[in-house]
Amino acid sequence: MPRTPLSDRDHPALLSTLLEALASATVVGIALFLPLLQFGAYFCIGGGCGGPDTDAIHLYRVLVTVLAAAAVLTLVLAVRRRARPAIRWHVAVALAGVGSAALFAVPAVDWGDLLREDPPPNPHYVPCYSGSNDCVGG
């Protein structure tokens with residue numbers, strides 16, 4: 001059975017499918033690159049490490065912005081096509097991208113501070129106001 005040549009009406013669908021595939025590959029590529037970016041920002045041999053420089057932070061922010069835009073674009077294009085398997089794939093890829101962006105953030109998130117609870121207030125604390133002459137030590 002011979003193939004029929006693409007008509008002018010087929011080009012928008014083909015273009016949107018190619019754009020969707022390219023955007024999905026972009027999300028996957030950036031999600032896989034973010035661990036390398038964090039490693040490069042924090043890796044040092046000997047000496048004191050000062051943390052990531054401003055270029056690494058700026059690159060991280062640009063990449064996460066592109067990742068988010070590409071993930072939204074893939075989902076919108078898949079929903080427009082009504083392709084349920086593609087929607088599931090793009091949701092999984094978007095979640096992996098969000099996870100990669102959170103786990104490999106530059107500057108790194110201090111997860112210990114997020115999990116640590118504040119100590120309870122001291123019940124015996126008496127506030128000291130200036131001018132009250134009730135302060136210990138003067």
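Does serine 100 count as buried or exposed, and at what relative accessibility? At 7% relative accessibility, serine 100 counts as buried, where buried means under 20% relative accessible area, exposed means over 50%, and partly exposed lies in between (1.4 Å probe, protein chains only).

The model is predicted: local features need pLDDT of at least 70, side-chain atom pairs count only at pLDDT 80 or more, and totals for chains, interfaces and linings use all residues. Residues are numbered from 1 along each chain as its sequence is written, and side-chain values use heavy atoms, with hydrogens and water left out.

## Overall fold

The protein chain has four helices and zero strands, in the order α-α-α-α along the sequence. Helices (H or I, at least four residues) and strands (E, at least two) are DSSP runs, numbered from the N terminus. Of the 138 residues of the protein chain, 24% count as buried. Among contacts between residues at least 6 apart in sequence, 74% join residues at least 24 apart; contact means heavy atoms within 4.5 Å.

## Helices α2 and α3

Two packed helices are described by the angle between their axes and the distance between the axes. Helix α2 (residues 54-81) and helix α3 (residues 84-103) have axes that come within 9 Å and cross at roughly 165°. Helix α2 is therefore roughly antiparallel to α3. Axes are lines fitted to C-alpha atoms, for helices over the stretch in contact, and angles run from 0 to 180 degrees between N-to-C directions; angles under 35 degrees count as roughly parallel, over 145 as roughly antiparallel, 65 to 115 as roughly perpendicular and the rest as oblique.

On the α2 side, the residues making the contact include Tyr60, Val64, Leu67, Ala71 and Arg81. Those of α3 include Ile87, His90, Val91, Gly97 and Val98. By class, the contact of α2 with α3 has 13 nonpolar, three polar and one charged residues. Ala, Val, Leu, Ile, Met, Phe, Trp, Tyr, Cys and Pro count as nonpolar, Asp, Glu, Lys and Arg as charged, and the others, Gly among them, as polar.

Arginine 82 lies in the loop between α2 and α3. Arginine 82 has a positive phi of about 60° although it is not a glycine, and is exposed, with a relative accessible area of 71%.

## Residues of α1 and their partners

Isoleucine 30 is found in helix α1 (residues 10-42), as is threonine 26. Serine 100 lies in helix α3. The table lists the contacts of these residues, leaving aside neighbours within four places in sequence.

| Residue | Relative accessible area | Contacts |
|---|---|---|
| Threonine 26 | 28%, partly exposed | Val66 and Ala70 |
| Isoleucine 30 | 8%, buried | Leu63, Val66 and Leu67 |
| Serine 100 | 7%, buried | Ala31, Leu34 and Pro35 |

A polar atom of the serine 100 side chain lies 2.7 Å from the backbone oxygen of alanine 31. The C-alpha atoms of isoleucine 30 and serine 100 are separated by 8.9 Å, with the two residues 70 apart along the chain. Threonine 26 and alanine 71 are 45 residues apart in sequence and 8.6 Å apart in space, C-alpha to C-alpha.

## A cis peptide bond

Valine 106 and proline 107 are joined by a cis peptide bond, with omega about 0°. Proline 107 is placed in the loop between α3 and α4 (111-115).

Definitions and conventions
Polar contact = N/O pair within 3.5 Å; in protein donor to acceptor, adjacent residues only side chain to side chain.
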